[in-house]
Amino acid sequence: MNKVVSHAAEAIHDIRDGATIMLGGFGLCGIPENCITALVSKGVKNLTCISNNAGVDDFGIGLMLQQKQVRKMISSYVGENAEFERQLLSGELEVELIPQGTLATRCLAAGYGMPAVFTPAGVGTEVAIGKETRNFNGKDYLMEMAFDADYAIVKAWKGDTEGNLVYRETARNFNPLMAMAGKITIAEVEELVPAGELDPDHIHTPGIYVHRIFQGKDYEKRIEQRTVRKA
Amino acid sequence: MALTKEQIAQRIARELRDGYYVNLGIGIPTLVANYIPKGINVVLQSENGLLGMGPFPFEGNEDPDLINAGKQTITTVPGSAFFDSALSFGMIRAGKVDLTVLGAMEVSEEGDIANWKIPGKMVKGMGGAMDLVASARNIIVAMVHSNPKGESKLLPKCTLPLTGLRCVKKIVSDLAVLDVTDQGFRLLERAPGVSVDEIRQKTAGKLIIEGEIPEMVF
């Protein structure tokens, strides 16, 4: 079994119009830059994208929005993206906003083989509309379903030829959760090493969850809010 | 004089206690980190996956892999830990975070909060706010008392879509410090030079005033 592919275009070659895709990252931190570029080049349309954010106007998922490739976004926070807000308010883009912890836990449930989870987030708000509510020990909880995604596309710091992944700092965020949750999981890594070079004690995502892996190139790693203190 | 953003943050920082794990929201709450009282140890949780958040980096030391929930470049302190977003909200849901500080567009006298959407105008999303307010043991809201038109944001009922129900415990506004009680907003302190009458006028929700209300000192 060979999981290693040569580049992003090969990794995403079978993604078709109408697919549901999870994309890792928080803001622009830890996003699969190479695969996003490849999806833009491929021009697939009518996508449902599950990602915490929608990038910025000219980077990340924002690039796919510019090309009108996304039919529906499932996210928790979509500020800082004018084109996104325009498509949302004009009705061109369908958007489902869900609490961030709910987003994370619905990925987790998919990767753990659990059909649903209960969370108090959103009780009494419009997030609760149409959802089953259960009371446990005097507190209300919403039943939230595990995600069902055709593909998960994640970015890791290091990976090996078995598909084992290691993330770096806060670029971890949603990546290990989405890696567990896709029917097909594609991982792009900054450094791909032979099996045996990563310490098994330090693996964040075991390779069983990863179907395709490649070493990405030309990472821009753009900073959204560069903030410094005075020396 | 109404408090500045920095003074609101400074006043909230006085609520911190030694050993607290604290989540600070975007905006004024982020500034609270600048005023942690000397001699106490507080661990800052950033819900994108970090315990032990440090100050902003010096110029040249920015690391694109190391940001806070406001997407700002940050640093870590000794003893910090990284984790994924599910674990992050797991510790929040399990009540491990002692104090959450966040901003609000409206708060009701029952402690309901609205801060994620203005229908037809602005939709940024709730981010982690709904998870935080549903589970945090103690929630302090940092806000301005009234909007630019002078209309109160401390209301009998919220008019905007809710973020959470009956969850706010305390408010530090530019005019006052108030507890949210079963009977309504209880006025605890007023900003220097701001009268009880002015606060009464700018609080649309039920306001409880008992005895002398001290001025905050900075």
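**Questions about a predicted model**

Trainee: What relative accessibility does B:Glu198 have?
Mentor: B:Glu198 counts as partly exposed, and do keep in mind that this is a predicted model. The side chain of B:Glu198 meets that of B:Lys202 in a salt bridge, 3.0 Å from N to O. B:Lys202 counts as partly exposed because its relative accessibility is 25%. For B:Glu198, the value is 25%.

Trainee: Which residue forms a salt bridge with A:Glu169?
Mentor: A:Glu169 is buried because its relative accessible area is 18%, under the 20% cut-off. Its partner counts as partly exposed, at 26% relative accessibility. The closest N and O atoms of the pair are 3.3 Å apart. The partner is A:Arg168.

Trainee: Which residues of chain B join the salt-bridge network that includes A:Glu169 and A:Arg168?
Mentor: From chain A, the network also takes in A:Lys155, A:Glu190 and A:Lys221. The members from chain B are B:Asp63 and B:Asp65.

Trainee: How many salt bridges are there between chain A and chain B?
Mentor: Over all chains, the count comes to 29 salt bridges. Across the interface, B:Glu62 and A:Arg226 meet in a salt bridge at 3.2 Å, N to O. The count between chain A and chain B is five.

Trainee: Which helix gives the most to the side of chain A that touches chain B?
Mentor: Across this interface, 23 residue pairs are in polar contact. Helices H4 (82-90), H5 (100-112) and H6 (175-181) of chain A each supply at least two residues to the side that touches chain B. The one giving the most, with six residues, is H5(A).

Trainee: How much area do chain A and chain B bury between them?
Mentor: Here 51 residues of chain A are in contact with 48 residues of chain B. Carbon and sulfur atoms carry 60% of the buried area. The total is about 4,200 Å².

Trainee: Which residue meets B:Arg11 in a salt bridge?
Mentor: B:Arg11 is one of the buried residues of helix H1 (residues 5-13) of chain B. What covers the buried residues of H1(B) includes helix H2 (28-31) and strand S5 (99-103) of chain B. The partner of B:Arg11 is buried as well. At 2.9 Å, N to O, that partner is B:Glu15.

Trainee: How many disulfides are found over all chains?
Mentor: A:Cys35 is buried because its relative accessibility is 0%. The closest cysteine sulfur to that of A:Cys35 belongs to A:Cys49, and at 12 Å it is too far for a bond. Over all chains, the number of disulfides found is zero.

How values were computed. Residues numbered from 1 in each chain as written. Chains lettered and ligands numbered in written order. Predicted model: local features only at pLDDT ≥ 70, side-chain atom pairs only at ≥ 80, totals over all residues. Heavy atoms only, no water. Disulfide = S-S within 2.5 Å. Buried < 20%, exposed > 50% of the residue type's maximum accessible area, 1.4 Å probe, protein only. Contact = heavy atoms within 4.5 Å. Buried area = accessible area lost by both parts, 1.4 Å probe. Salt bridge = Lys/Arg side-chain N within 4 Å of Asp/Glu carboxyl O. Polar contact = N/O pair within 3.5 Å; in protein donor to acceptor, adjacent residues only side chain to side chain. Helix = DSSP H or I, 4+ residues; strand = E, 2+ residues; numbered from the N terminus.
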